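Visitor: I am new to this structure and would rather understand one part well than skim the whole. Please choose one part, look at it closely with me, and then connect it to its surroundings.

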Amino acid sequence: MAAPKKVAAPKKAVAPKRAAKTSAPPKAVAGKTSASGTPAKATVTKTSASSAPAKTTTRKPTPAKKTAPAKKAAPAAVTPAKAASAKAAPTKITPAKPPRNESHTALVRRARRINRELGEVYPYAHPELDFENPFQLVVATVLSAQTTDLRVNQTTPALFGKYPTPEDLAAANPEEVEEILRPTGFFRAKTKSVIGLSKALRDDFGGEVPGRLEDLVKLPGVGRKTAFVVLGNAFGRPGITVDTHFQRLVRRWQWTDATEPDKIEAAIGGLFPKSEWTMLSHHVIFHGRRICHARKPACGACPIAPLCPAYGEGETDPEKAQKLLKYEKGGFPGQRLNPPQSYLDAGGIPAPPLGAAIPSAPAPGASAPGAPAPASAGPAPGSPAREAG
Ligand code: SF4
């Protein structure tokens, strides 16, 4: 009979600890990860208990070999698929090296892989402006300049309640519109734009929003970015939305070194089939708003860290990084008051109406500083709303 083997416990104790902590389950809210991120010591005790030999329980775990203080550079495997099974054996993944002399084909492959991974992390990605028709979307997109989608979503119910059609808004008293739009900032200029574009829709397009780029950009206050948002989301015509998040992320991933939106749009458009442009934009913008922030990207909780040449630009400590996550990834409400069902099914929380309290407390482990400020007070510095843009 085989004598109970000595359980070679502690040798790899360090690894599970890192993996559990680093693996930020893509769909999970903060806290879940910390809950599963059991300290190495606890893991050892558990193992000894289940794999029997009483002997081993008394055995002193070798002080988790201070393996090279995990060079900040090595994130644990956190591909979405693997992230779901935090208990699985940890896989060491080296972050992507900044590509040198990368061929176009290799770049296309790499970019598409990142987009595929993001699609798994954000299967519910969507435009974050509430709208029911193309008119509402074009107006909301114009209003979103220099403010957050959340603030626009909290303001447009009153606007569209009073002026439901282009004709209504075209004939509105500007002072009354200004009063409604005040919370969005720059309300005088925005009033002028939305009344102006409503007049153009009424006079030049029979009260309908045109479905062509060349027509849309003729409307007051509508540039290419707004036009692509409208085309992609109200007309189902592929478009790339090059906003601040998109610009920052594609440069971090070295998809392009262009800095002008038009050039970025052309460069990225060449890496993906047209049919993917709209969802690609949503994936990238969702990631920029939730994880890959401008000032402090949450690299240690980033599901695409192993694919990212910029890994390490932000917080690499998994626990600290987890606290930087925003919106549904941090257990907070999203930006839409009426989000799509897919978002709700994934655990997303609708945003509160203007002046209402935040509907639910952050999930355990989520950091308060990431929470949106009460609507009446406006977005707090560092809040998801503030940075979302
Ligand atoms: S959070 Fe860090 S690892 Fe993730 S995409 Fe941004 S820079 Fe790369």
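Guide: A helix here is a DSSP run of H or I that is at least four residues long, and helices are numbered from the N terminus. With that naming in hand, please keep in mind that this is a predicted model, and that the protein in it has 19 helices and zero strands. Of its 389 residues, 44% count as buried, and among contacts between residues at least 6 apart in sequence, 64% join residues that are at least 24 apart.

The part I have chosen is the surroundings of the ligand. There are 14 residues around the ligand, and those that come nearest are C292, P297, C299, C302 and C308. By type, the residues of this shell divide into eleven nonpolar, one polar and two charged. The unreviewed UniProt entry places a "binding site" feature at C292, C299, C302 and C308. These four positions are spread over 17 residues of sequence, yet they cluster in space, the largest C-alpha distance being 10.8 Å.

Two of these cysteines can be followed further. C299 is found in the loop between α16, residues 277-290, and α17, residues 318-322, and C308 also lies in the loop between α16 and α17. A residue counts as buried when 20 or more other C-beta atoms lie within 10 Å of its own. C299 is therefore buried, since it has 26 C-beta neighbours inside 10 Å, and C308 is buried because it has 22 such neighbours.

On the other side of α17 comes the loop that leads to α18, residues 341-345, and Y327 lies in it. Y327 has a positive phi of about 50 degrees although it is not a glycine, and it counts as buried because 26 C-beta neighbours lie inside 10 Å. Another residue other than glycine with a positive phi, here near 60 degrees, is Q254, which is found in the loop between α14, residues 244-252, and α15, residues 261-269. Q254 is partly exposed, because 18 other C-beta atoms lie within 10 Å of it.

The cysteines around the ligand also lead into the interior of the protein. The largest nonpolar core has 66 residues, and C302 and C308 are among those that touch the most other members, together with V138, V230 and A298. The helix that gives the most to this core is α7, with seven residues. Not counting residues up to four places away in sequence, V230 touches P134, L137, V138, T141, V209 and L216.

The helix α7, residues 134-143, also has a part in covering another helix, since what covers the buried residues of α10 includes α7, α8 (149-162) and α11 (187-204). Within α10, residues 174-181, the buried residues are V177, I180 and L181. Seen down the axis of α10, these buried residues fall within an arc of 90 degrees, so they line one face of the helix. On the other side of α10, E175 and E176 are exposed.

To return to the part we began with, C292, C299, C302 and C308 are the positions that UniProt gives for the binding site, and C302 and C308 belong to the core members that touch the most others.

How values were computed: Residues are numbered from 1 along each chain as its sequence is written. This is a predicted model: local features need pLDDT of at least 70, side-chain atom pairs count only at pLDDT 80 or more; totals for chains, interfaces and linings use all residues. A residue is buried if 20 or more other C-beta atoms lie within 10 Å of its own, exposed if 12 or fewer, and partly exposed in between; C-beta atoms are placed from the backbone. Helices (H or I, at least four residues) and strands (E, at least two) are DSSP runs, numbered from the N terminus. The arc is that of the directions from the helix axis to the C-beta atoms. Two residues are in contact if their C-beta atoms, placed from the backbone, lie within 7 Å. A nonpolar core is a set of buried Ala, Val, Leu, Ile, Met, Phe, Trp, Tyr and Cys residues joined through C-beta atoms within 7 Å. A residue is near a molecule or strand if its C-beta atom, placed from the backbone, lies within 6 Å of it. Ala, Val, Leu, Ile, Met, Phe, Trp, Tyr, Cys and Pro count as nonpolar, Asp, Glu, Lys and Arg as charged, and the others, Gly among them, as polar. UniProt positions are given in the numbering used here, feature names are shortened, and annotations may be inferred rather than shown by experiment.
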